[in-house]
Amino acid sequence: MTTTVAAYAAPAAKAPLERTTVERRAVGPHDVLIDIKFVGICHSDIHQVREGWGEAIFPMVPGHEIAGIVAEVGAGVTEHRVGDRVGVGCMVDSCRVCDNCKAGLEQYCDQVPVWTYNAVGKDGQPTYGGYSQRVVVDENYVVRIPEALGLDVAAPLLCAGITTYSPLRHWNTGPGRKVAVVGFGGLGHVAVKLAHALGAEVTVLSQSLRKQEDGLRLGADHYRATGDPATFEELAGSFDLILNTVSAPLDFAAYFKLLRTDGAMVNLGLPEEPVQIELRSLSGGRRSLSSSGIGGIAETQEMLDFCAEHGVVAEIELIRADEINDAYERVLASDVRYRFVIDTATI
Ligand code: NAP
Ligand code: ZN
Ligand code: ZN
């Protein structure tokens with residue numbers, strides 16, 4: 001039998017979110033029913049609610065930074081038990097048989113993963129995300145949240161954490177490596193903490209020095225303003241790796257010049273507008289431009305365990321559900337410190 005649960009949804013593109021209810025599927029043999037306690041607000045939620053990435057499915061219940069407690073398990077579930085502290089990120093299923101799925105890269109599934117919301121599930125029904133009180137998810141797409149991590153500050157790790165951990169690991173971040181993080185918002189502040197915990201020398205490249213004190217406190221060795229042209233002159237040829245977390249188009253050519261020979265700029269930000277790149281700016285120094293999308297399920301678990309071991313959590317502003325629309329405006333104004341998290345008891 002399906003269950004009706006309270007949720008916050010956008011009824012149409014660009015419309016404010018409002019309280020409503022959605023149906024959750026009956027708990028199948030391999031499903032886990034999760035009582036959602038906290039859910040983060042990712043900038044991707046806002047892009048999709050505004051149809052900034054193209055046509056979307058409405059009503060839309062966003063939310064893919066889900067932390068909660070297992071309330072019920074199907075008869076065949078082996079990975080999770082009632083009472084466990086668990087998380088769900090951007091995916092709730094994938095084809096499971098393609099090379100990427102078999103390699104633990106479910107996020108790059110050949111058939112495209114079933115996204116946590118704004119997608120159609122294998123049952124043919126639209127998926128609804130975590131701005132809600134309960135969700136039913138296949139056990140293989142649910143991860144354990146270690147005891148050392150508070151559920152509220154762990155929730156953002158399910159997207160912001162894995163999205164930055166995966167490229168940091170892929171590009172061998174560690175002692176002796178110089179990493180720059182462009183944009184000090186939700187992804188950016190977690191990237192700084194993770195890169196610092198991995199032992200790299202970390203520089204934040206932010207629009208201004210407004211958040212400098214926080215940046216240095218949270219693990220950055222240097223904090224520079226991109227609004228100051230001297231930043232680009234003085235840091236030319238400095239970095240092994242640049243992670244771009246900016247949600248808007250960027251002048252990539254200016255950043256490529258900050259890379260060392262063989263350095264890489266990994267793009268994580270997904271702006272709504274196309275970006276023009278002067279390719280000549282890449283050719284010197286064998287520099288590369290790369291991309292990365294969230295991370296696989298096993299790597300998400302590895303990231304959470306790493307965060308527990310190193311005390312990495314998100315800096316959050318806990319809000320009530322009726323504050324979501326105001327929070328969206330603040331995110332759009334780069335006025336987030338540093339992730340809004342919804343207390344789902346207020347939905
Ligand atoms: P966020 O909290 O809004 O942070 C973005 C930061 O970018 C802002 O805090 C700001 O930092 C900077 N910024 C914003 N507008 C700017 C502009 N016009 N020029 C220069 N800098 C600007 O967003 P988020 O949740 O971290 O997400 C960031 C982007 O990553 C979004 O586009 C999101 O969709 C995307 N994303 C991608 C993945 C993936 O798998 N690749 C996963 C999650 C999110 P400063 O104030 O420090 O300048
Ligand atoms: Zn996200
Ligand atoms: Zn697949």
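Me: Is Glu329 buried, partly exposed or exposed?
Reply: This is a predicted model, and the values here are computed from it. Glu329 has a relative accessible area of 46%. Buried would need under 20%, and exposed over 50%. Because 46% falls in between, Glu329 is partly exposed.

Me: Which residue does Glu329 meet in a salt bridge?
Reply: The nitrogen and oxygen of this pair are 3.2 Å apart. The cut-off for a salt bridge is 4 Å, so the pair qualifies. The partner of Glu329 is Arg50.

Me: How many residues apart are Glu329 and Arg50?
Reply: The two side chains meet in a salt bridge. Glu329 is in helix α11, residues 324-332, while Arg50 is in the loop between α1 and β4. The pair links distant parts of the chain, and its separation is 279 residues.

Me: What is the relative accessibility of Arg50?
Reply: Arg50 counts as partly exposed. That class runs between the buried limit of 20% and the exposed limit of 50%. The value for Arg50 is 29%.

Me: Which residues coordinate the zinc ion (ligand 3)?
Reply: Each donor atom is an SG. The distances to the zinc ion (ligand 3) run from 2.3 to 2.4 Å. Along the chain, the donors follow the spacing C-x2-C-x2-C-x7-C. The residues are Cys95, Cys98, Cys101 and Cys109.

Me: What geometry does the site of the zinc ion (ligand 3) have?
Reply: The site has four donor atoms, with angles of 103 to 121° among them. A tetrahedral site needs all angles between 85 and 135 degrees. The angles fit that range, so the site is tetrahedral.

Me: Are Cys95 and Cys101 buried or exposed?
Reply: Both residues are donors of the zinc ion (ligand 3). Each gives its SG atom. Both count as buried.

Me: Which protein residues are donors of the zinc ion (ligand 2)?
Reply: The donor atoms here are two SG and one NE2. They lie 2.1 to 2.2 Å from the zinc ion (ligand 2). The spacing in sequence is C-x21-H-x94-C. The residues are Cys42, His64 and Cys159.

Me: How many residues apart in sequence are the parts that His64 and Cys159 tie together?
Reply: Both residues are donors of the zinc ion (ligand 2). His64 lies in the loop between α1 (43-49) and β4 (66-73). Cys159 lies in the loop between α3 (151-154) and α4 (160-170), so the pair ties together parts whose distance in sequence is 95 residues.

Me: Are His64 and Cys159 buried or exposed?
Reply: The limit for buried is under 20%. His64 has 6% relative accessibility, and Cys159 has 4%. Because both values are under the limit, His64 and Cys159 are buried.

Me: What area is buried between domain 1 and domain 2?
Reply: Domain 1 covers 3-158 + 315-346, and domain 2 covers 161-291. Their C-alpha centres lie 27 Å apart. Twelve residues of domain 1 contact 19 residues of domain 2. Carbon and sulfur atoms give 47% of the buried area, which is about 1500 Å².

Me: Which residues of domain 1 lose the most area to domain 2?
Reply: Together they account for 39% of what the domain 1 side buries. They are Glu315, Arg337 and Tyr338.  The domains also share two salt bridges, but the residues asked for remain Glu315, Arg337 and Tyr338.

Me: Which residue forms a salt bridge with Glu315?
Reply: The closest N and O atoms of the pair are 2.6 Å apart. Glu315 is partly exposed, at 23%. The partner counts as buried, at 11% relative accessibility. That partner is Lys193.

Me: Which residue does Arg96 meet in a salt bridge?
Reply: The N to O distance is 2.9 Å. Arg96 is partly exposed at 34%, while its partner is buried at 11%. That partner is Asp93.

Me: What is the omega of the peptide bond that joins Arg337 and Tyr338?
Reply: Most peptide bonds are trans. The bond between Arg337 and Tyr338 is cis. Tyr338 sits in the loop between α11 and β17 (339-343). Omega is about -10°.

Me: Where does Asp262 lie?
Reply: Most residues other than glycine have a negative phi. Asp262 has a positive one, near 70°. Asp262 is partly exposed, at 43%. Its place is strand β14, residues 259-267.

Key: Residues are numbered from 1 along each chain as its sequence is written. Chains are lettered from A and ligands numbered from 1 in the order in which they are written. This is a predicted model: local features need pLDDT of at least 70, side-chain atom pairs count only at pLDDT 80 or more; totals for chains, interfaces and linings use all residues. Side-chain values use heavy atoms; hydrogens and water are left out. Donors are N, O and S atoms within 2.8 Å of the metal (3.2 Å for Na, K and Ca); water is not among the atoms, so sites may look incomplete. Four donors count as tetrahedral if all angles lie between 85 and 135 degrees; four count as square planar and six as octahedral if opposite donors are over 155 degrees apart and all others between 65 and 115; anything else is irregular. Buried means under 20% relative accessible area, exposed over 50%, partly exposed in between (1.4 Å probe, protein chains only). Helices (H or I, at least four residues) and strands (E, at least two) are DSSP runs, numbered from the N terminus. Domain bounds come from an automatic or database domain assignment. Contact means heavy atoms within 4.5 Å. Buried area is the accessible area (1.4 Å probe) that two parts lose on being put together, summed over both.
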